[in-house]
Amino acid sequence: MLDGIVAGVLEDLAVRQATTSEADLRAALADVEPPRDPMPHFRGPGSSVIAEVKRKSPSKGALADIPDPAALASEYAAGGAAAISVLTEQRRFGGSLDDLRAVRATVDVPVLRKDFIVTEYQLLEARAAGADLALLMVVSLPGERLRQLHDYARELGLTVLMEVHDEAETARAVEVGAELVGVNARNLKTLEVDLDVFGRLAPLIPDDRVKVAESGIFGPQDVERFVGEGAGVVLVGEALVKDGAPREAVAAMTGITR
Ligand SMILES: O=P(O)(O)OC[C@@H](O)[C@@H](O)c1c[nH]c2ccccc12
């Protein structure tokens, strides 16, 4: 599953690279607003919510049309979202960098590029489009690639959300110095969700890092559980895009303490 997604991402990437050079992107950085730092809010008291703009997914199919991603993101921000995640993968998730640009131009909170990032070019692209954070998935970055992309993202001023799903990946994330570690309850190889994974991996992440619980979160009770297990941040997609009142839904998951 994951290999298939990444293969499609690389095909689409080759098309963009043929029209926009790395030098063009670097030049574009001069005109982009400086990155917003999400860490102070994430480290503050109570749960922070990263609210996601997500139209569809390989595991759930169509979730919501979202004709105006910026309008949805504004509702999230009004509900107190600490950051907005924008899926920019096109084929399986129906997103785009245009979505990210629109959201970034509208909200005042930091914006995460959620994609399958395996090259420096994608990180440059993210920052040039205004992203403040970028997702790096440990599972798709073997050997030195994880550290190389992490360090490059930091050089660009991006905050890295480093995603893990098992013990070995967690050890690698901690080792490269990831400040923000996301535990995805969904196994991207099988697409199965297991809410017990966070509680298993959280103790392996030092407490000076911020721990993010990702996927399968549907309400305040889920947030309470993960906060109790050490999460400072929750990343929520499906539940919010399907909720008729996304502002209230975000508010209900924000500020939950142990
Ligand atoms: O829609 P959910 O179950 O609330 O999940 C959100 C988010 O965790 C999920 O979209 C996600 C987490 N890691 C990813 C990596 C790639 C694509 C998507 C994801």
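**Figure 1. Secondary structure content and annotated domain of the predicted model.** Over residues 2-250, helix makes up 41% of the chain and strand 18%. The C-alpha atoms at the two ends of this stretch lie 29 Å apart. In UniProt, an unreviewed entry places the feature "domain: Indole-3-glycerol phosphate synthase" at residues 2-250.

**Figure 2. Surroundings of the ligand.** The ligand is surrounded by 14 residues. Glu214, Ser215, Leu235, Gly237 and Glu238 are the closest of them. By class, the shell consists of 6 charged, 4 polar and 4 nonpolar residues. Two elements, strand S10 (233-236) and helix H11 (238-241), each contribute at least two residues to the shell.

**Figure 3. The largest nonpolar core.** This core has 75 residues, and the members that touch the most others are Ile84, Leu112, Ala134 and Val234. Strand S6 (residues 133-137) gives the most to the core, with 5 residues. When neighbours within four places in sequence are left aside, the contacts of Ile84 include the alanines Ala51, Ala73 and Ala77. Val53, Val103, Val107, Val109 and Val111 are also in contact with Ile84, as are Tyr76 and Leu112.

**Figure 4. Buried and exposed residues of helix H8.** In helix H8 (residues 167-175), the buried residues are Glu169, Thr170 and Ala173. They lie on the same side of H8 because their arc around the axis is only 100°. Glu167, Ala168 and Glu175 are exposed on the other side of the helix. Among the elements that cover the buried residues of H8 are strand S7 (159-164), strand S8 (180-184) and helix H9 (197-201). Gly177, just after H8, has a positive phi of about 90°.

**Figure 5. Packing of helix H10.** Val223, Phe226 and Val227 are the buried residues of helix H10 (residues 220-228). Viewed down the helix axis, the buried residues fall within an arc of 100° and therefore line one face of H10. On the other side of H10, the exposed residues are Gln221 and Gly228. The buried residues of H10 pack against two strands, S9 (210-214) and S10, and against helices H9 and H12 (246-253). Just after H10, Gly230 adopts a positive phi of about 110°.

Key
Residues numbered from 1 in each chain as written. Predicted model: local features only at pLDDT ≥ 70, side-chain atom pairs only at ≥ 80, totals over all residues. Near = placed C-beta within 6 Å. Helix = DSSP H or I, 4+ residues; strand = E, 2+ residues; numbered from the N terminus. Nonpolar A, V, L, I, M, F, W, Y, C, P; charged D, E, K, R; others polar. UniProt positions renumbered as here; feature names shortened; annotations may be inferred. Core = buried A, V, L, I, M, F, W, Y, C linked by C-beta atoms within 7 Å. Buried ≥ 20, exposed ≤ 12 C-beta atoms within 10 Å, placed from the backbone. Contact = placed C-beta atoms within 7 Å. Arc of directions from axis to C-beta.
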